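Q: I have a structure open in front of me and I'm not sure how to read it. Could you walk me through a few features?

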Amino acid sequence: LDHALKCLHREDPSLKVRLDPDTGQTVLCGMGELHIEIIHDRIKREYGLETYLGPLQVAYRETILNSVRATDTLDRTLGDKRHLVTVELEAKPIETASVRPVIEYADSVSEDLLKASQEAIENGIHSVCLQGPLLGSPIQDVAITLHSLMIHPGTSTTMISACVSRCLQKALKKADKQVLEPLMGLEVTVTKDYLSPVLADLAQRRGNIQEIQTRQNNKVVIGFVPLAEIMGYSTVLRTLTSGSATFALELANYQAMNPQDQSTLLSQRRGFT
């Protein structure tokens, strides 16, 4: 399997392959459901391997809804050396979309301390933002402000990073949190006879229709639909339209889930449903 995936990745760099350290599963990351299905079919046809393809996973993101502050102190003695750090920081939501956290420093933070420890501070912040407190998904659209930093002489940069990480985790746990789901731009080309069942199906998938255009003898439905609701859509669309319709998808943005859908998702992830 490793050999097959290496060969396929050389031919198709948009295919990403990684090993999940917790489950031992090989994870394929591609451009959508059809892309992954084609890769799965090629593994069987070209390399003679029977593989089980698990359900597709949605790449959710997380953010926070309110401003929170936290303070943390790390005090460790290793050998004859004392490592002591105290950090106070604030996490707050920002309106502009930003995949990476915006890191700011208050005027009260000593420039000399900052020069020596800025990389360690930012490493600590980035490591926490890779895994949010709700789903373990990346955190986006947040700004982190360091308000206070006290470091005992001789404290290692590793300890500084650890203290900053722990402080930020504490702040994020206190905040009101929000799951963001990928919203796909969808365009379905269908004949007039099958327009009604296509629209009814999209309504069940939390679809938001923007407009319906006419192209020659066809209708073109343009709108948005959450990625989680579009799994298996190609098969359903073929069935609804006797194979006459086509569709195209692309990522539009990430949108906040409504409280009911978020609660259902969190319950599923925690094994309650």
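A: Let's go through a sheet, two helices, two buried residues and two loop residues. Keep in mind that this is a predicted model.

Q: Let's begin with the sheet. In what order do the four strands of the open sheet come?

A: To read a sheet, follow the strands from one side to the other. Here the order is 4-5-7-6, the sheet is open, and the pairing is mixed.

Q: Which strands stand at the edges?

A: Look for strands with a single partner. Those are strand 4 (68-78) and strand 6 (102-105), so each has one side left without a neighbour in the sheet. On average, neighbouring strands of this sheet are turned by 25° against each other, ignoring direction.

Q: In which sense do strand 6 and strand 7 pair?

A: Check which way the two strands run, then count the bridges. Strands 6 and 7 pair in the parallel sense, over four bridges. If you want a spot to look at, find Tyr105, whose bridge partner in strand 7 is Leu146.

Q: Which strands does helix 4 lie across?

A: Helix 4 (residues 157-174) lies across strand 4, strand 5 (81-93) and strand 7. Its angle to strand 4 is about 145°.

Q: Now single residues. Is His147 buried or exposed?

A: For this you compare the relative accessibility with a cut-off: under 20% is buried. His147, which belongs to strand 7 (residues 142-151), has 17% and therefore counts as buried.

Q: What is His147 in contact with?

A: Set aside the neighbours within four places in sequence. What remains is Arg69, Glu88, Leu89, Glu90, Ala106, Ser108 and Val109.

Q: How about Leu114: buried or exposed?

A: Leu114 sits in helix 3 (residues 111-129). Its relative accessible area is 13%, so Leu114 is buried. Not counting residues up to four places away in sequence, Leu114 touches Tyr105, Val109 and Ile121. You met Tyr105 a moment ago as the bridge partner of Leu146, and Val109 among the contacts of His147.

Q: How far apart are Leu114 and Lys16 in sequence and in space?

A: Those are two separate readings. Along the sequence, Leu114 and Lys16 are 98 residues apart, and in space their C-alpha atoms are 37 Å apart.

Q: On to helix 7. Which of its residues are buried?

A: Helix 7 covers residues 259-269, and its buried residues are Gln262, Leu265 and Leu266. Now look down the helix axis: these buried residues fall within an arc of 95°, so they line one face of the helix. They pack against strand 8 (177-191).

Q: What do I find at the start of helix 7, and what follows the helix?

A: It helps to check both ends of a helix. At the start, a side-chain oxygen of Asn258 comes to within 3.1 Å of the backbone nitrogen of Gln260. After helix 7 comes Gly271, with a positive phi near 85°.

Q: Where is Gln216 found, and what is its phi?

A: Gln216 is in the loop between strand 9 (208-215) and strand 10 (218-226). Its phi is near 55°, which is positive even though Gln216 is not a glycine. With 77% relative accessibility, Gln216 counts as exposed.

Q: And what about Ser242: where is it found?

A: Find the loop between helix 6 (233-241) and strand 11 (246-256), and you'll see Ser242 there. Ser242 isn't a glycine either, yet its phi is positive, about 55°. At 60% relative accessibility, Ser242 counts as exposed.

Key: Residues are numbered from 1 along each chain as its sequence is written. This is a predicted model: local features need pLDDT of at least 70, side-chain atom pairs count only at pLDDT 80 or more; totals for chains, interfaces and linings use all residues. Side-chain values use heavy atoms; hydrogens and water are left out. Buried means under 20% relative accessible area, exposed over 50%, partly exposed in between (1.4 Å probe, protein chains only). The arc is that of the directions from the helix axis to the C-beta atoms. Contact means heavy atoms within 4.5 Å. A polar contact is a pair of N or O atoms within 3.5 Å; within protein, one must be able to donate a hydrogen and the other to accept it, and residues adjacent in sequence count only if both atoms are side-chain atoms. Two strands pair if DSSP finds at least two bridges between them. Axes are lines fitted to C-alpha atoms, for helices over the stretch in contact, and angles run from 0 to 180 degrees between N-to-C directions.
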